[in-house]
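Please open the structure in your viewer and keep the sequence beside it, since this tour moves from the whole chain to single residues. At each stop you will be told what to select and what is there.

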Amino acid sequence: MDAPPKMIYLPDTMINWPWPRAINPHFEDVKAEVDASFRDFKALSPESQEAFDKIDCARLAALAYPNAPIEHLRIGCDLMNVFFLVEEYTDVENGAVTKEMVDIVLDALHNPHKIRPEGECILGEIARHRFWAHAIQFASLPSQHHFLQTFTAYLHAVVVEASDREHGHRHSINDYLKLRRGTVGVTPCFPIFEMEMDLPDEVFYHPVIVDLANCIVELIIIDNDMISYNKEQAAGNEDHGLISTVMLELGLDRGSAMAWAAHFHAEIQKRFINGLAKVPSWGPSIDVPVKEYLDGLANWARANHCWSYEGQRYCGTRGPEIQQTRLVPLLPKASRKVA
């Protein structure tokens with residue numbers, strides 16, 4: 001008889017998180033529209049398009065923005081698609097090629113009414129035409145400014161990640177988290193919450209608000225890297241993840257590294273909850289949208305956790321089962337093709 005597969009235990013990091021799951025009621029309609037429009041660009045190979053369909057980016061947006069009006073949900077869905085495309089195109093490239101792609105996307109975002117050159121990488125046109133030219137019709141000027149700043153930081157981090165991958169560079173836990181806060185691509189999603197707000201820079205960049213945002217980003221990093229570890233180790237890509245970084249630096253086995261990550265997650269949750277009590281008052285006209293903004297941030301952590309099991313990116317069709325049992329069969333290493 002074959003030996004039973006080794007199992008990975010995934011701690012339930014979000015069991016005590018106060019924000020419950022919610023999903024936008026416009027999800028199904030917007031998903032059908034956005035997915036069809038995305039396919040029209042023919043930006044992916046048939047194999048990659050199949051993988052994209054399983055990821056269900058629209059579901060992530062609908063979970064992340066459950067109260068958004070339909071147009072804002074469309075914009076959120078388009079942004080998720082842009083993130084997926086940037087990852088898909090740059091994950092296989094070196095630092096120099098990634099930098100070229102990033103420069104194209106940045107130019108497209110800063111020139112949303114400029115037609116892209118023929119033959120240029122499709123990332124520019126999708127970022128410009130499908131996402132940003134549409135978004136700026138609905139977004140307040142402060143939210144546009146905050147998006148461009150945070151998305152630029154994300155793209156620069158993607159270039160660093162590509163260079164690290166090219167040169168086989170490994171990070172310490174602290175350095176990994178510092179880079180991952182950029183590459184995880186969460187912070188640029190937050191301005192979607194303020195599209196109808198006029199949050200001034202003194203609020204958006206206030207140290208307490210920034211730390212609360214960083215808490216949510218780190219919660220998502222931990223959850224993402226825990227659930228994706230199995231898929232990444234099977235593909236031989238686990239060197240650039242939190243779990244393998246913890247295993248290497250602290251000399252822990254897989255289970256102990258998962259437990260370490262879960263404890264770290266719990267500490268960050270406490271930091272966020274305690275941080276809410278430190279939010280200053282700017283007067284009723286600002287305090288009300290600030291509370292709405294922070295509730296949106298907190299929900300993002302729940303949304304990402306739910307999507308990780310409801311979509312098929314990490315667990316295939318077994319997500320709901322794994323969410324209940326917390327047990328994942330360790331995938332075998334993929335065989336490497338010999339040239």
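The tour begins with the whole chain and then visits a helix, several aromatic rings and a few single residues.

**The whole chain**

Before selecting anything, bear in mind that this is a predicted model. Show the chain as a cartoon, and you will be looking at 14 helices and two strands. The radius of gyration is 20 Å, close to the 20 Å that the globule rule gives for 339 residues, so the chain is as compact as a globular protein of that length. If you turn the chain along its principal axes, the C-alpha atoms fill a box of roughly 65 × 50 × 40 Å.

Now switch to a surface view, where the accessible surface comes to about 16100 Å², and 55% of that surface belongs to carbon and sulfur atoms. Of the 339 residues in the chain, 53% are buried. Among the contacts with a separation of 6 or more, 78% are between residues 24 or more positions apart. Colouring by charge brings out 31 positive and 47 negative side chains, and the centres of these two sets lie 4 Å apart.

**Helix H3 and what covers it**

Select H3, residues 57–64, where eight of the eight residues are buried. They include Cys 57, Arg 59 and Leu 63, and the elements that cover them include H1, H2, H4 and H13.

Keep H3 in view and add Asn 304, which lies in helix H13. Asn 304 counts as buried because its relative accessibility is 4%, the cut-off for buried being under 20%. Which residues does Asn 304 contact, leaving aside its neighbours within four places in sequence? They are Leu 60, Ile 220, Asp 223 and Asn 224, and Leu 60 is one of the buried residues of H3.

**Aromatic rings**

Next, display the aromatic side chains, among which the structure holds 18 pairs. Begin with Tyr 65 and Trp 300, whose ring centres are 6.2 Å apart and whose planes stand at 85 degrees, so the pair is edge-to-face. Tyr 65 sits in the loop between helix H3 and helix H4, while Trp 300 belongs to helix H13, so the pair ties together parts that are 235 residues apart in sequence. Both Tyr 65 and Trp 300 are buried.

For a second pair, select Phe 147 and Phe 151, which are stacked, with 5.0 Å from centre to centre and 25 degrees between the planes. These two residues are four apart in helix H7 (residues 141–167), and about one helical turn separates them. Phe 147 and Phe 151 are both buried. Widen the selection to Phe 83, Phe 131, Trp 132 and Tyr 154, and you will have one aromatic cluster together with Phe 147 and Phe 151.

**Val 158, also in H7**

Stay on helix H7 and select Val 158, which counts as buried at 5% relative accessibility. Not counting residues up to four places away in sequence, Val 158 touches Val 86, Thr 90, Thr 98 and Thr 183. To get a sense of distance, draw a line from the C-alpha atom of Val 158 to that of His 305, which lies 147 residues away along the chain, and the separation is 23 Å.

**Two loop residues with a positive phi**

Most residues other than glycine have a negative phi, and the next two stops depart from that pattern. Select Lys 42 in the loop between helix H1 (27–40) and helix H2 (46–55); Lys 42 is not a glycine, yet its phi is positive, at about 50 degrees. Then select Arg 326 in the loop between helix H14 (319–325) and strand E2 (327–329), where phi is again positive, at about 65 degrees, although Arg 326 is not a glycine. Is each of them buried or exposed? Lys 42 is exposed, with a relative accessible area of 69%, whereas Arg 326 counts as buried at 7% relative accessibility.

**A last stop on H12**

Finish in helix H12 (residues 254–276) by selecting Ala 266, which is partly exposed, with a relative accessible area of 32%. From the C-alpha atom of Ala 266 to that of Asp 53, 213 residues away along the chain, the separation is 32 Å.

Conventions. Residues numbered from 1 in each chain as written. Predicted model: local features only at pLDDT ≥ 70, side-chain atom pairs only at ≥ 80, totals over all residues. Heavy atoms only, no water. Rg over C-alpha atoms; globule rule 2.2 N^0.38 Å. Buried < 20%, exposed > 50% of the residue type's maximum accessible area, 1.4 Å probe, protein only. Contact = heavy atoms within 4.5 Å. Areas by Shrake-Rupley, 256 points an atom, 1.4 Å probe, with all protein chains shown as cover. Lys, Arg positive; Asp, Glu negative; His and termini not counted. Charge placed at Lys NZ, Arg CZ, Asp CG, Glu CD. Phe/Tyr/Trp six-rings, centres within 6.5 Å; stacked < 30°, edge-to-face > 60°.
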